[in-house]
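Q: I have a model open and I'd like to learn how to read it. Could you walk me through it feature by feature?

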Amino acid sequence: MAFVHAEIASQPDCWREAALLAPTVAEHLPLPGERVAVVGCGTSWFMATAYAGLREAAGHGETDAFQASEFPTGRRYDRLIAVTRSGTTTEVLELLAALRGQLPTTVIVGDPASPAVDVASAVVAMPFADERSVVQTRFATTALALLRAHLGDNLAALSADAEVAVRAPLPIDPARIEQVTFLGRGWTIGLAQEAALKCREAATFWAEAYPAMDYRHGPISVAAPGRLVWAFGDIPEGLAEDVAATGAAFVHSRTHGCRAVLTSWAAGRTPVDPMADLILAQRFAVALSTSRGLDPDAPRHLTRSVVLA
């Protein structure tokens, strides 16, 4: 269990390293106004989704996120960014090979000696964020931190928030919870999806994720005492009251510009960016795993990379 704990705790340092790396690789990252596609699989796809939302909201240009297997090859883009920790994932390699010579491709990868390096037009290597764990935590968030730095976000403040998140008490005791639903709006939908995936991967736990505005269109029906709703970023007016009426617990990261406030029974008000709030969700998933007698470093049915025959 030492791997995932240590990797989660190392995220503030990794994000600072990403801030230093970003200006040195800027030529390989999207220019303002470019039409960009970002691809990945699993966790990397969710980080791609978050980046796409951030880039468009910042006015840098149209940005779409796809699972690598579902990329629309007939659609025109100025650049493709592929996020892959191992650089060995079959779907990513096949897509990069198919697009060779058609448009510039940049791979953000943990292993600089991986096969993806040979098929992409450009490489952004982050070996300092690579992981031994099967369950991804720091590589994915560091890739997003790098892309946020390129957009001009303040990574010093973000890293400081991460320092809070790796040490703060969890907002709720995982042993009290039988189900969790994560919610987001805009770019934080990707964070919500990733938080739910962490709970499923590390703890084989019933976890769902939805856009916050869509939650009352059906998914709220599973809310009940002993269950949890955890929201990243802005939420619709009245949602907290609607969740409270179900008897479910509620955790909310409320944005104020680039900052946020996590309202927590345990810690009161602690200032964190929604991405730092994701660290709390990662820790929640690991605590769920141990409370259920599982080893989060040995998730069921999973391998570090999906390599298809």
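Q: Let's begin with one residue: where is P23 found?
A: First, the ground rules: this is a predicted model, where local features need pLDDT of at least 70, side-chain atom pairs count only at pLDDT 80 or more, and totals for chains, interfaces and linings use all residues. Residues are numbered from 1 along each chain as its sequence is written, and side-chain values use heavy atoms, with hydrogens and water left out. Helices (H or I, at least four residues) and strands (E, at least two) are DSSP runs, numbered from the N terminus. Here, P23 is found in the loop between α2 (11-21) and β1 (36-40).

Q: Is P23 buried or exposed?
A: Go by relative accessible area: buried is under 20%, exposed is over 50%, and partly exposed is in between (1.4 Å probe, protein chains only). P23 has 60%, so it is exposed. You can also look across the chain: the C-alpha atoms of P23 and L146 are separated by 9.4 Å, and the two are 123 residues apart along the chain.

Q: How many helices and strands does the protein have?
A: The protein has ten helices and eleven strands.

Q: What radius of gyration does the protein have, and what would a compact globule have?
A: The radius is taken over C-alpha atoms, and the globule rule is 2.2 Å times the number of residues to the power 0.38. For 309 residues a compact globule would come out near 19 Å, and the protein has 19 Å, which agrees. Along its principal axes, the C-alpha trace spans about 55 × 40 × 35 Å.

Q: What share of the residues count as buried?
A: Of the 309 residues, 56% do. As for the outside, the accessible surface (Shrake-Rupley method, 1.4 Å probe; for residues, only the protein chains shown count as cover) comes to about 12200 Å², and 54% of that belongs to carbon and sulfur atoms.

Q: What do contacts say about residues 24 or more positions apart?
A: A contact means heavy atoms within 4.5 Å. In this protein, among contacts with a separation of 6 or more, residues 24 or more positions apart account for 68%.

Q: Which residues is G190 in contact with, leaving aside its neighbours within four places in sequence?
A: They are F46, T49 and A50. G190 itself lies in helix α8 and counts as buried, at 0% relative accessibility.

Q: And where is the place of T204?
A: Look in the loop between α8 (188-203) and β7 (207-211). Check its backbone too: phi of T204 is near 45 degrees, a positive value in a residue other than glycine. With a relative accessible area of 31%, T204 is partly exposed.

Q: Let's compare a helix and a strand. Where do E91 and H252 lie?
A: E91 lies in helix α4 (residues 90-99), while H252 is found in strand β9 (residues 249-256). E91 counts as partly exposed at 22% relative accessibility, whereas H252, at 8%, counts as buried. For a partner in space, E91 and Q67 are 8.7 Å apart, C-alpha to C-alpha, and 24 residues apart in sequence.

Q: How many aromatic pairs does the structure hold?
A: Rings of Phe, Tyr and Trp (its six-membered ring) pair if their centres lie within 6.5 Å; planes under 30 degrees apart count as stacked, over 60 as edge-to-face and the rest as tilted. The structure holds eight such pairs. In one of them, F71 and Y77 have ring centres 5.8 Å apart and planes at 40 degrees, so the pair is tilted. Both F71 and Y77 are buried. Elsewhere, ring pairs link F182, W230, F232 and F284 into a cluster.
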